[in-house]
Amino acid sequence: MRTGSAGSEGETRKGNDASVNMGFGSPLSFWEVTLASTVVLGFVLGLLGVYCTMPSSDYSFLKLPRTLEDLQILKFVISSFSDHLEGYTSDYTAQVLVGYCVVYVFMQTFMIPGTIFMSLLAGALFGVFKGMALVVSTSTAGASSCYFLSKLIGRPLVFSLWPDKLSFFQEQIARRKECLLNYMLFLRLTPTLPNIFINVASPIVDVPYHIFFLATFIGLIPATYVTVKAGIALAEIESLGDLYNFNFIATLFLIGIVSITPTLMSKSKS
């Protein structure tokens with residue numbers, strides 16, 4: 001009798017595990033697809049609205065930079081049309097800001113590569129401090145949008161793309177509940193995990209939004225400052241290695257280690 005009950009219990013447990021795994025990879029419901037499609041449609045309409053409301057001008061030289069080759073083209077554009085761009089930005093500040101913010105948040109929300117070049121463009125157009133404030137705020141808004149979109153429909157995608165990395169991330173989050181902000185700051189400050197993965201995986205492993213928001217907003221400041229400042233001297237940049245050299249990466253890791261020092265001290269005391 002005991003063997004039979006143990007066997008049935010094992011089968012029940014396997015059945016529960018199977019149902020959980022199927023839940024991870026289950027297709028989206030109709031309402032989830034509808035809401036996600038509404039979000040996409042909203043962004044598309046927003047981009048279309050920005051384009052239609054922009055003042056008439058020659059946009060043939062403008063291209064959304066997404067590769068190093070685009071960066072080289074953008075370098076030539078900035079150096080050749082700097083007076084035109086500065087005058088355009090000062091004359092149509094509101095339109096340029098809205099257009100920039102919508103494009104940046106759109107790229108962050110849907111994990112489209114190229115935001116680093118948008119950060120360079122912010123430095124070229126708005127200067128260090130204004131550009132830095134713009135990039136940090138739009139990057140945080142885009143990461144937050146990606147967070148909530150992933151919370152809604154991202155579970156199947158994350159489990160299919162990064163199963164091992166997600167398991168590691170979930171284990172680390174569970175071990176650091178008491179000093180979670182410090183750990184999330186460390187991840188944002190250092191290239192330990194890609195920012196795209198952090199954005200989509202955080203709601204799945206139950207990182208509270210206020211922790212996610214603070215870590216994102218504060219943690220992005222050092223790298224943003226370097227990138228935006230480089231945008232002013234865009235003509236001198238030959239490759240991405242000019243931005244993120246060894247000294248810069250080492251500095252980020254040093255700041256990251258400082259951010260998790262309270263966690264290490266609390267663990268040593270316990």
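Visitor: How many disulfides does the count come to here?

Guide: Zero disulfides. Keep in mind as we go that this is a predicted model.

Visitor: Okay, then what about the cysteines: is cysteine 146 buried or exposed?

Guide: Go by relative accessible area, where anything under 20% is called buried. Cysteine 146 has a value of 3%, so it's buried. Cysteine 101 comes out at 24%, so that one counts as partly exposed.

Visitor: Let's talk helix packing. How are two packed helices described?

Guide: You give the angle between their axes and the distance between those axes. Try it on helix H2, residues 30–53, and helix H5, residues 93–109: their axes come within 10 Å and cross at roughly 155°.

Visitor: How do H2 and H5 run relative to each other, roughly parallel or roughly antiparallel?

Guide: Angles over 145 degrees go down as roughly antiparallel, and H2 and H5 therefore get that label. As for handedness, H2 passes H5 in a left-handed crossing.

Visitor: Which residues make the contact?

Guide: On the H2 side, pick out Phe43, Gly46, Leu47, Val50 and Thr53. H5 brings Gln95, Val98, Gly99, Val102, Val103, Val105, Phe106 and Thr109. Sort the residues of this contact by type and you get eight nonpolar, five polar and no charged.

Visitor: Now backbone angles. Which value of phi does methionine 111 have?

Guide: Look for a positive phi in a residue other than glycine, and methionine 111 is a case, with phi near 55°. Find methionine 111 in the loop between H5 and helix H6, which spans 115–126. Its relative accessible area is 27%, so methionine 111 is partly exposed.

Visitor: And what is the phi of aspartate 206?

Guide: About 65°, again positive although aspartate 206 is not a glycine. Aspartate 206 also sits in a loop, between helix H11 (195–201) and helix H12 (209–219). With 53% relative accessibility, aspartate 206 counts as exposed.

Visitor: I spotted a proline too. Where does proline 222 lie?

Guide: In helix H13, which covers residues 221–232. Proline 222 counts as partly exposed because its relative accessibility is 22%.

Visitor: How many residues apart in sequence are proline 222 and arginine 188?

Guide: They're 34 residues apart in sequence. To read a pair like this, set that separation beside the spatial one: C-alpha to C-alpha, proline 222 and arginine 188 are 10.0 Å apart.

Key. Residues are numbered from 1 along each chain as its sequence is written. This is a predicted model: local features need pLDDT of at least 70, side-chain atom pairs count only at pLDDT 80 or more; totals for chains, interfaces and linings use all residues. Side-chain values use heavy atoms; hydrogens and water are left out. Axes are lines fitted to C-alpha atoms, for helices over the stretch in contact, and angles run from 0 to 180 degrees between N-to-C directions. Helices (H or I, at least four residues) and strands (E, at least two) are DSSP runs, numbered from the N terminus. Angles under 35 degrees count as roughly parallel, over 145 as roughly antiparallel, 65 to 115 as roughly perpendicular and the rest as oblique. A crossing is left-handed if the near helix is turned anticlockwise from the far one by less than a right angle, and right-handed if clockwise. Contact means heavy atoms within 4.5 Å. Ala, Val, Leu, Ile, Met, Phe, Trp, Tyr, Cys and Pro count as nonpolar, Asp, Glu, Lys and Arg as charged, and the others, Gly among them, as polar. Buried means under 20% relative accessible area, exposed over 50%, partly exposed in between (1.4 Å probe, protein chains only). A disulfide is a pair of cysteine sulfur atoms within 2.5 Å.
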